[in-house]
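Me: Got a minute to go through a model with me? I'll put it up here and then fire off questions.

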Amino acid sequence: MYLTENFKKSEFESDDGSRMTEEILVNVTKLACNLQRLRDVLNRPIRINSGYRSIKHNKAVGGVKGSYHTKGMAADIVVEGLNPKQVANAIESLILSGEMLQGGIGIYDTFVHYDFRKKRARW
């Protein structure tokens with residue numbers, strides 16, 4: 001099942017097989033729409049390393065309590081051909097122009113975390 005032109009629901013599912021509630025699916029769809037905008041602007045494929053995580057799976061991978069991943073509001077992504085800093089800068093530009101929702105951007109060695117928590121958070 002496609003959520004957007006390029007993103008499938010399966011790309012965002014918890015690795016432990018836990019099912020998404022309707023509320024989480026609504027959030028994941030909103031997340032996919034924001035990432036679709038990023039993909040369209042960059043014109044590059046985006047790989048979802050981690051999307052929705054059940055609370056159990058989040059704990060198993062060392063995620064923080066209350067993680068936006070457990071709400072279906074966050075994804076750790078890799079954009080083909082770009083380093084994490086370049087991806088974060090592209091997201092920041094799209095947030096500033098109103099084309100992506102404000103939220104958290106975390107730059108890691110091999111991926112970028114993006115969430116739409118409504119307030120600005122950077123790390």
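Reply: Sure. One term before we start: when I say contact, I mean heavy atoms within 4.5 Å. Also keep in mind that this is a predicted model.

Me: Good. With that in hand, which residues is Ser 67 in contact with, leaving aside its neighbours within four places in sequence?

Reply: Arg 53 and Asn 58 are the ones in contact with Ser 67, once those sequence neighbours are set aside.

Me: And where does Ser 67 sit, and is it buried or exposed?

Reply: Ser 67 is in the loop between α2 (55-60) and β2. The cut-off for buried is under 20% relative accessible area, and Ser 67 comes in at 7%, so it counts as buried.

Me: How far is Ser 67 from Asp 115 in space?

Reply: Their C-alpha atoms are 9.8 Å apart, while in sequence Ser 67 and Asp 115 are separated by 48 residues.

Me: OK, switching to the sheet. What's the strand order?

Reply: β1-β2-β4-β3-β5, an open sheet of five strands with mixed pairing. The edges are β1 (46-50) and β5 (121-122); each has a single partner strand, so one side of each lacks a neighbour in the sheet.

Me: Walk me across it. How do β1 and β2 run?

Reply: β1 and β2 run antiparallel, joined by four bridges. Ile 46, for instance, has Val 79 in β2 as its bridge partner. Next along, β2 and β4 also pair in the antiparallel sense, over four bridges, and there Ile 77 stands opposite Val 112 in β4.

Me: What else does Val 112 stand opposite?

Reply: Ile 107. That belongs to the pairing of β3 (residues 104-107) with β4 (residues 112-115), antiparallel over four bridges. A hairpin of four residues takes the chain from β3 to β4.

Me: So where does the parallel part come in?

Reply: Between β3 and β5, which run parallel and are joined by two bridges. Gly 104 is a handy residue to click on: it stands opposite Ala 121 in β5, and its bridge partner in β4 is Asp 115.

Me: Back to β2. How many of its residues are buried?

Reply: Six of its six. Both faces are covered, with Ala 74, Asp 76 and Val 78 buried on one side and Ala 75, Ile 77 and Val 79 buried on the other.

Me: Helices next. Which residues of α1 are buried?

Reply: There's a list, including Leu 25, Val 28, Leu 31, Leu 35 and Leu 38. Asn 27, Asn 34, Gln 36 and Arg 39 are among them too.

Me: What do those buried residues pack against?

Reply: β1, β2, α3 and β4.

Me: Does the length of α1 add up, I mean, what should it span?

Reply: At 1.5 Å a residue, its 21 residues should span 30 Å, and the end C-alpha atoms are 30 Å apart, which agrees.

Me: Now the contact of α1 with α3. What's the angle?

Reply: About 110°, with the axes 11 Å apart. The range for roughly perpendicular is 65 to 115 degrees, and α1 and α3 therefore count as roughly perpendicular to each other.

Me: Which residues meet there?

Reply: From α1 you have Arg 37, Leu 38, Val 41 and Leu 42, and from α3 Val 87, Ala 90, Ile 91 and Leu 94. That contact divides into seven nonpolar residues, no polar and one charged.

Me: Last topic, backbone oddities. What is the phi of Asn 43?

Reply: Positive, about 55°, although Asn 43 is not a glycine. Asn 43 comes just after α1, in the loop between α1 and β1. With a relative accessible area of 66%, Asn 43 is exposed.

Me: And Lys 118, what's its phi?

Reply: Near 85°, again a positive value in a residue other than glycine. Lys 118 is in the loop between β4 and β5.

Me: Is Lys 118 buried or exposed?

Reply: Exposed, with a relative accessible area of 74%.

Definitions and conventions: Residues numbered from 1 in each chain as written. Predicted model: local features only at pLDDT ≥ 70, side-chain atom pairs only at ≥ 80, totals over all residues. Heavy atoms only, no water. Pairing = 2+ DSSP bridges. Axes fitted to C-alpha atoms, helices over the stretch in contact; angles between N-to-C directions. Parallel < 35°, antiparallel > 145°, perpendicular 65-115°, else oblique. Nonpolar A, V, L, I, M, F, W, Y, C, P; charged D, E, K, R; others polar. Expected span 1.5 Å × (residues − 1). Buried < 20%, exposed > 50% of the residue type's maximum accessible area, 1.4 Å probe, protein only.
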